[in-house]
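Q: Could you walk me through reading a few features of a model, one at a time?
A: Sure, let's take them in turn.

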2 protein chains.
Amino acid sequence: MENYKEGFKRFLEYQLELKNISDASGVLYWDLSTIMPPKGVERRSEVIGYLSQMLFKIETSEEYGNLIYALYEHFDEMDDREKAMIKNAKKSLDFMRKIPEKEYLEYSTLVAGAETYWADARAKNDYEAFKPILEKIVNFNKKIAGYIGYEDTPYDALLDLYEPGATVKELDSVFKELRDGLVSLLSKIKESGVEIDNGILKGDYAIEPQKKYNIELAKRLGYDFERGAIAESAHPFSTNFGNNDVRITTAYSKEDPVTAMYSTIHETGHAIYEQNIPDDLTRTNIGGGVSMGIHESQSRFYENIVGRGKQFIEGEYPKLIEAFDGLKAYNAEELYRAINKVEPSLIRIDADELTYSLHIIIRYELEKMLINGDVNFDELPKLWAEKYTEYLGITPESFAEGVLQDVHWAGGMIGYFPSYALGNLYGAQMLYKGILRDLPNYDELIRSGQISEITKWLAANVHKYGGTYEPKVLIEKITGETLNAKYFLQYLNEKYSKIYNF
Amino acid sequence: MENYKEGFKRFLEYQLELKNISDASGVLYWDLSTIMPPKGVERRSEVIGYLSQMLFKIETSEEYGNLIYALYEHFDEMDDREKAMIKNAKKSLDFMRKIPEKEYLEYSTLVAGAETYWADARAKNDYEAFKPILEKIVNFNKKIAGYIGYEDTPYDALLDLYEPGATVKELDSVFKELRDGLVSLLSKIKESGVEIDNGILKGDYAIEPQKKYNIELAKRLGYDFERGAIAESAHPFSTNFGNNDVRITTAYSKEDPVTAMYSTIHETGHAIYEQNIPDDLTRTNIGGGVSMGIHESQSRFYENIVGRGKQFIEGEYPKLIEAFDGLKAYNAEELYRAINKVEPSLIRIDADELTYSLHIIIRYELEKMLINGDVNFDELPKLWAEKYTEYLGITPESFAEGVLQDVHWAGGMIGYFPSYALGNLYGAQMLYKGILRDLPNYDELIRSGQISEITKWLAANVHKYGGTYEPKVLIEKITGETLNAKYFLQYLNEKYSKIYNF
């Protein structure tokens, strides 16, 4: 290839074709999770499987492969966007070419069935039933790491699938600082003697007014309903089919309108990221959030830093008590404290803002050990329990509330968990080094409901790049610093020392 | 091909592949009509367009074509299902091969854009704006009829696209009998002097209770929610992705719960047909209702013969007044009469059971003239108005309530309208010659809410065949007679002579 521009045009056509198929699959998944009748599942799997095969066929075709490798030789001549696109395409291509098709198929079949076994094992609190499957999945991931290749340690290869550029070396250091800081904060909170009653958030709340409130709330955060929709699903998620059709789901409970509220804020954070992807990227493989970690930084920023912040709750208070009559009995300060109660718990998805990252660090430490063969599968639940006792001061009494609680491993997603904690770190670092620098009236903007100003900042500094810059590059571009735990710990210390008087 | 069985296996694989793509498209359409945000439309069109291209590519491939033609040579050796499958496939293949690709593309583009022009023209009551597009669409349909080929008259070729085997010769005779019978019944009703007030059905009815009522109603009719779902859309429709995922939509109005109720019954009739398709047909090209006319016979049977029948309304009465408080002021007889008020109207979709078919016959007569070149496009609105005056005794005063009222012509669907009237005829003929013969306690079954017994009969006599038998064959199989208008007229006469005392 003399000049790569012609080849790049052909590559963009391929991108659009792949995007067409994956958007179609995305709608099929959305439909499956929100409205599909239960007995539709078998046929739906066939259709989704067919579309996956089509994707696989295109990506493993001789012509596509040759094009990517030919273009890659011109990497240095490309602009940043082109580089990112070709790098992503090559990464995905390498992945499929390095793993023998037979093994890949075997693994896909294993993972496709594993969720059912896991759900069953969790329901029956039967670790032994899931253990052999977990062992197979971990062993496959070891092999996959070997096929992909790595410099230092196999877990790096897996990490890179979800958080490009992240390494064990870096995470070990950042997560150690984070873990020690969190354990220390937690002990201060315990010693403070301050007791918070978050039972005041519970009551009897009809679903329809909750739906109405959550729609208005998402609008106030800057979510565009001309390009979005909210539906209900068992587990809340966000998804998109290009930047003009970005959706979220919420799960409502009659006892508790606050969980749905923060779930909506969280998913809206993801969705606003996707709605702000520029038009000229949306049909490419960098036309979305760059990584799981940066995505979580957006959702967690809206959910925790903004949404669980004092200014937001004060600003939202009149609307909250109008929508939820039972909350009228408490003032904004009482609600703020109840919403931010810190309490070590066994279940990750129920964890508060402060202890949440400790759940992640436990999984990170165990995943590394599993991949390195430093723990055997019989001892895993014991080790899990010990880490909970050590970091959180509580000990699971069942597998269901211990090692069997998450679906991720059943889904083959080893290396995914760190993204959640990285999201917390990125968010705080952006806040301290970016947002407060550029918007010194941040508190006032939030209190007065001008959250769109914050959203604009995120759009201009994060969203507009789509997948152009790897997390490492992006975070340095915004903050001038590499990732570290100090800002998140500083943020938590400032917030919780006031709530818990230490 | 020595033995066709091997080739047929390959053909079934193709069927599944085509079904996978069309089911994916179907879900994309459903999503578009029920929840997609407005700005998602451009991207959605791209994705649907891509899937259509894929279908086209497979169906026009050398290998597929050769297979179909090779299999067709073994037609006489096949069983009924195989015959129907190969006949359908060949019909679709011939269609695509006979029409030059360039013209087909030109026509597709024209039709894709026409709906917007039509909606705009209707909103502005501007026939002149739509006339040139209508002319182009009609001329294309003339050409298409020529390419497809016909024995007697070009309109036969178009009819056959929607109602396989139907001909002008047959419809001319049946529709004449029907038209004369309806006009005569209508004049008896007018002369009866009986006045019915259907304003009693209007009121102020919240949407949520309507939703709840319609779900329960669909269940009572035999619609299986394990394999179905109801959503809202601007225009009600039913769709399916195999027999285990068959859905309907309803449009609710706060003024009028009865329209939504009968819309639900109508769509449920379509849906029950699709839910009852046997498992071994559902992944093939005969895995659905056989024709538009037979489909309408099911929906109209549930909606009108069952749903607007006296027994049904009496049986439903307690539930109706429980759901809709405002109806309590009237007894079942009063509601029955209000629901069955006959009143000539200008808009087809608002027409009552008796006058509805006259709207269809007018369109049928005009379509034939358009295709035969017996009317020019300037005169069309005048001719439309004259026919309304002649058959229904009322005259449209605008294009919007005349020739511009239906979307069908803008969608290129010339030859489709007759299906609606055929549905009425098939339904009544089945009732008189099949259901009453096999279920002499029909009235009692309906009154006591055992509609599932009727559904079982339909499943065993109609639904189980899927697309195996053409309408002509099917109706003879069930009733021992060819299609005629006498049973529908007899049914109407028995019903309306009691309501209008003639």
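Q: Which residue in β3(B) does A229(B) stand opposite?
A: Strands of a sheet pair through backbone hydrogen bonds, either parallel or antiparallel. In this predicted model, A229(B) faces R247(B) in β3(B). β1(B) and β3(B), the latter covering residues 246–250, pair in the parallel sense over 5 bridges.

Q: In what order do the strands of that sheet in chain B run?
A: The order is β1-β3-β2, an open sheet of 3 strands with mixed pairing. β1 (228–232) and β2 (238–240) of chain B are the edge strands, each pairing on one side only. On average, neighbouring strands are turned by 20° against each other, direction ignored.

Q: Which strands does helix α10 of chain B touch?
A: Helix α10 (residues 257–275) of chain B packs on the sheet and touches β1, β2 and β3 of chain B, with its direction at about 170° to that of β3(B).

Q: Which residues of α3 in chain B are buried?
A: An α-helix has 3.6 residues a turn, so residues three or four places apart point the same way. In α3 (residues 62–72) of chain B, the buried ones are Y64(B), G65(B), L67(B), I68(B) and L71(B). Seen down the axis of α3(B), they fall within an arc of 160°, so they line one face of the helix. Their cover includes α1 (4–34), α2 (41–59) and α4 (80–98) of chain B.

Q: What turn lays chain A on chain B?
A: Two copies of a chain are related by a rotation about an axis and a shift along it. Here chain A goes onto chain B by a turn of 180° and a shift of 0.0 Å along the axis, with an RMSD of 0.0 Å. That's the relation of a two-fold axis. As for the interface, 100% of chain A's interface residues are also interface residues in chain B, so the copies meet through the same surface.

Technical notes: Residues numbered from 1 in each chain as written. Chains lettered and ligands numbered in written order. Predicted model: local features only at pLDDT ≥ 70, side-chain atom pairs only at ≥ 80, totals over all residues. Heavy atoms only, no water. Buried < 20%, exposed > 50% of the residue type's maximum accessible area, 1.4 Å probe, protein only. Helix = DSSP H or I, 4+ residues; strand = E, 2+ residues; numbered from the N terminus. Arc of directions from axis to C-beta. Contact = heavy atoms within 4.5 Å. Pairing = 2+ DSSP bridges. Axes fitted to C-alpha atoms, helices over the stretch in contact; angles between N-to-C directions. Least-squares fit on C-alpha atoms with pLDDT ≥ 70 in both.
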